[in-house]
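User: Please take a close look at one part of this model, the aromatic residues that pair with one another. I would like a connected account of what they do in the fold.

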Amino acid sequence: MRAVRLGPRSLVALVLTSLSGIAAFGWPLLADEASGLAHSQDAPWLFAALLPLLLAVAVATVADTGLDAKAVAMLGVLAAAGAALRPLGAGTAGLEPMFFLMVLSGRVLGPGFGFVLGAVSMFAGALLTGGVGPWLPFQMLTMGWVSMGAGLLPGQATLRGRRELFLLAVYGAVSALLYGLVMNLQGWPYIAGLGSGISFVPGDPVGENLSRFLAYVLATSLGWDVPRALLTVVLTLTLGGVVLRALRRATRRAAFDSSPAFAAPGPVERLGGTRSASPGNSTPRER
């Protein structure tokens, strides 16, 4: 069972969405001292732009691959499962079990649907945990990138067994660390003006701000990011095989990658009749 392929329209939609996200995360680095840097100002605009972009990715994926309502239903089930996993950790010490499910689902469903799944799961999880705030659209984008990256990993059709689990575990650990790094970039400008050596200084050269950002990450974030990465590795290596088989079995039964075919009618069906039950044509059991 191959992952859902990434067509040209899906690729364009993903690139546009990702570029919008990169701009949203990175614009404070290029802002001057007089700029308002609180993401509470730009987050509603990003959220308003993100929803149609997510819809565009989903529609483009459907248009490129011919997926039907079964694929959308499966996407909804996985998003609900991911949202249900989030309260189990609720960010405690960085332990977030939904990461391993997003990685495995992105591997099976492909990058387009993986991106939408990660973003929708994070949105639904925020509603369950009360984690709605100016950080939410940034979390949706970052989780979408995590799941999309899993769909872009090599060996979709050939790599199976322990080697695939090892690949996904390594990717899960790296993506969990990068998730924390990127989300720190969203929250870091809030501490501007505190006067510490790790504070963001509007208008300073990008290189100087990035060096302070690295110090900020090392001082404040590793205690959350490393446990998240370790939990993702453990869950992937212990439960990954079962979850991958279940996802591929469900995807295969939904026949996402097959086209409908109609068999030619037999002589009885062409005449519009049915075979009558008589001693001459009864089955051995009936006789």
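Analyst: Phe 25 and Phe 138 are both buried. This is a predicted model, and the values below are computed from it. For Phe 25 the relative accessible area is 4%, under the 20% cut-off, so the residue counts as buried.

The structure holds three aromatic pairs. One of them joins Phe 25 to Phe 138: the ring centres are 5.0 Å apart and the planes meet at 70 degrees, an edge-to-face arrangement. Phe 25 belongs to helix H1 (residues 8–26) and Phe 138 to helix H6 (residues 136–151), so this pair links distant parts of the chain, 113 residues apart.

Phe 25 also pairs with Trp 145. Here the centres are 6.0 Å apart and the planes stand at 40 degrees; because planes over 60 degrees apart would count as edge-to-face and those under 30 as stacked, this pair is classed as tilted. Trp 145 lies in helix H6 and Phe 25 in helix H1, so the contact ties together parts that are 120 residues apart in sequence.

Taken together, ring pairs link Phe 25, Phe 138 and Trp 145 into a cluster. Phe 25 comes from helix H1 and Trp 145 from helix H6, and Phe 138 is also in helix H6.

Key. Residues are numbered from 1 along each chain as its sequence is written. This is a predicted model: local features need pLDDT of at least 70, side-chain atom pairs count only at pLDDT 80 or more; totals for chains, interfaces and linings use all residues. Side-chain values use heavy atoms; hydrogens and water are left out. Rings of Phe, Tyr and Trp (its six-membered ring) pair if their centres lie within 6.5 Å; planes under 30 degrees apart count as stacked, over 60 as edge-to-face and the rest as tilted. Helices (H or I, at least four residues) and strands (E, at least two) are DSSP runs, numbered from the N terminus. Buried means under 20% relative accessible area, exposed over 50%, partly exposed in between (1.4 Å probe, protein chains only).
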